[in-house]
Every structure is written in C-alpha cells, then in structure tokens.
Number of protein chains: 2
Amino acid sequence: MDTRSKLLASARDQIQRKGYNGFSYADLADEVGIRKASIHHHFSTKADLGREVAIQYRQDFMAALRSIESGKSNSFKKLEAYIQLFRHTLEKDHKVCLCIMLAAEHEALSDKIKNEVKAFFKENEVWLAQLFFEGQSEGEFTLMSTPAETAKLVLSALEGAMLIAESMDDLTRLESISQWILSSVKKT
Amino acid sequence: MDTRSKLLASARDQIQRKGYNGFSYADLADEVGIRKASIHHHFSTKADLGREVAIQYRQDFMAALRSIESGKSNSFKKLEAYIQLFRHTLEKDHKVCLCIMLAAEHEALSDKIKNEVKAFFKENEVWLAQLFFEGQSEGEFTLMSTPAETAKLVLSALEGAMLIAESMDDLTRLESISQWILSSVKKT
DNA sequence: GTCTATAAGATGATAGAC
DNA sequence: GTCTATCATCTTATAGAC
C-alpha cells in the first residue's frame, strides 16, 4: 500500500469517526508516519483530499451495491444485505457512514465535496427504490407507500440510527431498526 | 435580552447550522457585538458554553413535548405535532436538530455534553413510546412492532432525514417521511 | 517523495485596565 | 461587564534542501 492510499484510508477513517473538521494534517501525519508537509505532495489542499475520499467512498459503496445485486437470489435477501452494510460499519468498525458525517458538516465543505455527498444519497435512494419496485412487482414486498418514498424512509432511518446509536453507546439500536424495516415490507 | 442570553442563542443557532467544531468565539463575538475576551466572563470555556446550550435545548424541547401532550386531543394529532417540531426547524429556520449535530461530533465533546445528548435522545424515545402505547391502547394506532421499537425508528428517521434533506437541498423530504410515518401507524 | 523550516492566520484562553 | 493586549498552540500551506 503506497503512501497516497494510506493517506486516503486514514482520512476516510478519521472523517467517519471525528468528522471533516475533526481531523488535521497533523493527525494524518501521525497515523501514516510521515511529516505534515509531505501530505501536500499527494493532496495539495485538505479540500482536495476530502473530495477524493468522498469520491472513493462513493465508488466503493456502489461496488458493494452491485455485488449485492448479483450475489443475492431475491429482493428480501438483497434488502437484508443492504442493511448489513450499515450494521457492519457500525458494529465491527465502530464508525458511521462517511456521507452522513459530511452532511452534518455541510456548511464547511467545498462545492465539489457537497456534490459527492448529494450524489451518494441520490444513488442509494435510486438503488433502494429499484429494489422495492422489483420486490413489489414480484409479490415479495408489500409497501406502505411508493418505492421511492419507502427508499427515502429507509435511508434516513439507517443514517440517523448510526449517529444516535453511536452517541447513546447502544449499537443494538441499528438491529432494532433493521428488524422494523424488514418486517414492514414483508408480504402479509 | 441580556448578553448571556444572546450568547446562548447565537451559539445554539451556530451549532445547529455549522456544528460545535464549526463555530468559534470570534464568530460568536461578531454576531453578538462584543469582543472575544468578553465571552469568557459569561462562559469560562467553550465546553461550558456548549454544555449550557445543550441543557437549555433539552429543556425547551421537553417543554414543547409537554405542550403537545396537554394541547392535542388525540394520539394521531400529537404525533403530527411532534413531527411538526422537526419540520418547522428545518423548513422555517433552515436548521437541524442541535443534538444530531452534536451526535456527529461526539468524539470532540466533553462527557457532560455527551450526557445531555444521550438524555435528549432517551427522553424523546420514552415520550414517543408512551404516545405509541396510548394510541395503541385506545385503538387509534396499529403498530408494526412494540411502542419502544417504533419510537426508535421514528426518531432515527426524522433525525437522519433532517441531515440528508439539508445536504441534498431538498426540504420536501421531511414531508415525505412524515407522511410515511403517519400512514404506517394509522389504524387499517 | 520526504524532509526541515517557516509562514500567516485562527483558536481558546488569560491578565489587567477601565 | 467589557475592553485591549497578549499568549501558546494549532491550523493549512509554501519554499527549498536532500
């Protein structure tokens, strides 16, 4: 793993834990084991670094979604796997979604980073809406509203739950919400 | 309004917009119209100020909940009024809940502030759970899960939606989610 | 690519005059 | 209660040697 990749990984990790305003080039230098000034060789400004972290995060997440699409046999299992992405981040890594951290610091971000965050949420909603539509079409799901509206609710609930779970020191709460979501779409 | 109250109001407003790490004593001094150093006369440290803001916010919110309890005639109207608290903050004031901002910056906060945030979420959940229990008992609501689990979902969805709505510049999304929640508890 | 040295500004906080 | 002046420290960023 080269220095550039280490910097991206460390920045991503720190934003997910402490936020964009919560880490500095000094923190980054400590973690990666180089000097502050050397970071500028790889990323000329903090905004550049943040932008690349956001781009990479979005790409990785979309790859995970494609993997779920091709790897699971039905819509219910796909929804379970989607929720598992969030639970894994929180329960195993004790981190929250990068983009909900960036959303909270929205005012401090450059336009380019803001656009990445916006695109991340949009793509998640589109993916979820498509999943709900398919599940409904195939008679697997019974929805309380349109696929698009259900997608908005599910994304909001998962993102909000990560932050609340972390601040209440109660990681089981994401599990509660997962169960709620799954049973709410289950064919009755 | 005395200086102390102005400082509390400005700090609260700025945290809701930019986060705890996103505002400084200089910003505060500019808004209130005194010098940086004078702030320390009222709040010796930023952590003290943050703590008092969180305490006051929680008290004000709980007062609003008591007002809903005594002012609305049935459980459905109480739930509508609760959701309206969040919508008003976002749509009229273009701010998000103070405590979800503080939750995102959890690692940067003193223990006292963390405890206030935790208590805020807990009290909201207890209040909502009680509301769902009553609505269910009186045959007004049909719940998909226990009152407590439903409370967790509703709080998470509203808090998450505020952040996502703001970052996507789409304030209507809170309305979508409100409709979803209301129709999900409606007696069928 | 990484380093040392350094800049220019912001940060929270203190001392002491008025 | 508010001010000026000052502090130590942290922030992102640059210049130039190796």
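Biologist: Let's start at the DNA: what lies 2.6 Å from an N or O atom in the side chain of His42(B)?
Modeller: A phosphate oxygen of DNA strand D. A polar contact here is a pair of N or O atoms within 3.5 Å; within protein, one must be able to donate a hydrogen and the other to accept it, and residues adjacent in sequence count only if both atoms are side-chain atoms.

Biologist: Hang on, what kind of model is this, and how are things labelled?
Modeller: It's a predicted model, where local features need pLDDT of at least 70, side-chain atom pairs count only at pLDDT 80 or more, and totals for chains, interfaces and linings use all residues; side-chain values use heavy atoms, with hydrogens and water left out. Residues are numbered from 1 along each chain as its sequence is written, while chains are lettered from A and ligands numbered from 1 in the order in which they are written.

Biologist: OK, how far is the polar side-chain atom of His41(B) from a phosphate oxygen of strand D?
Modeller: 3.3 Å. For Tyr25(A), a backbone N or O atom is 3.0 Å from a phosphate oxygen of that strand.

Biologist: How many residues surround DNA strand D?
Modeller: There are 16, and Lys46(A), Thr3(B), Arg35(B), Ser38(B) and His42(B) are the closest. A residue is near the strand if one of its heavy atoms lies within 4 Å of it. Of the strand's atoms that come within 4 Å of the protein, 62% belong to sugar and phosphate.

Biologist: And which helix gives the most to that surface?
Modeller: H3(B), with 4 residues. Helices are DSSP runs (H or I, at least four residues), and strands are too (E, at least two), numbered from the N terminus.

Biologist: New topic: what rotation superposes chain A on chain B?
Modeller: 180°, with 0.0 Å of shift along the axis and an RMSD of 0.0 Å. That's the relation of a two-fold axis. The fit is by least squares on the C-alpha atoms of residues with pLDDT of at least 70 in both copies.

Biologist: Why do the copies meet through the same surface?
Modeller: Because 100% of the interface residues of chain A are also interface residues in chain B. The contact (heavy atoms within 4.5 Å) takes 41 residues from chain A and 41 from chain B.

Biologist: How many salt bridges are there between the chains?
Modeller: The count is 2. A salt bridge is a side-chain nitrogen of Lys or Arg within 4 Å of a carboxyl oxygen of Asp or Glu. Arg173(A) and Glu125(B) form a salt bridge at 2.2 Å, N to O. On the side of chain A that touches chain B, H8(A) has the largest share, 15 residues.
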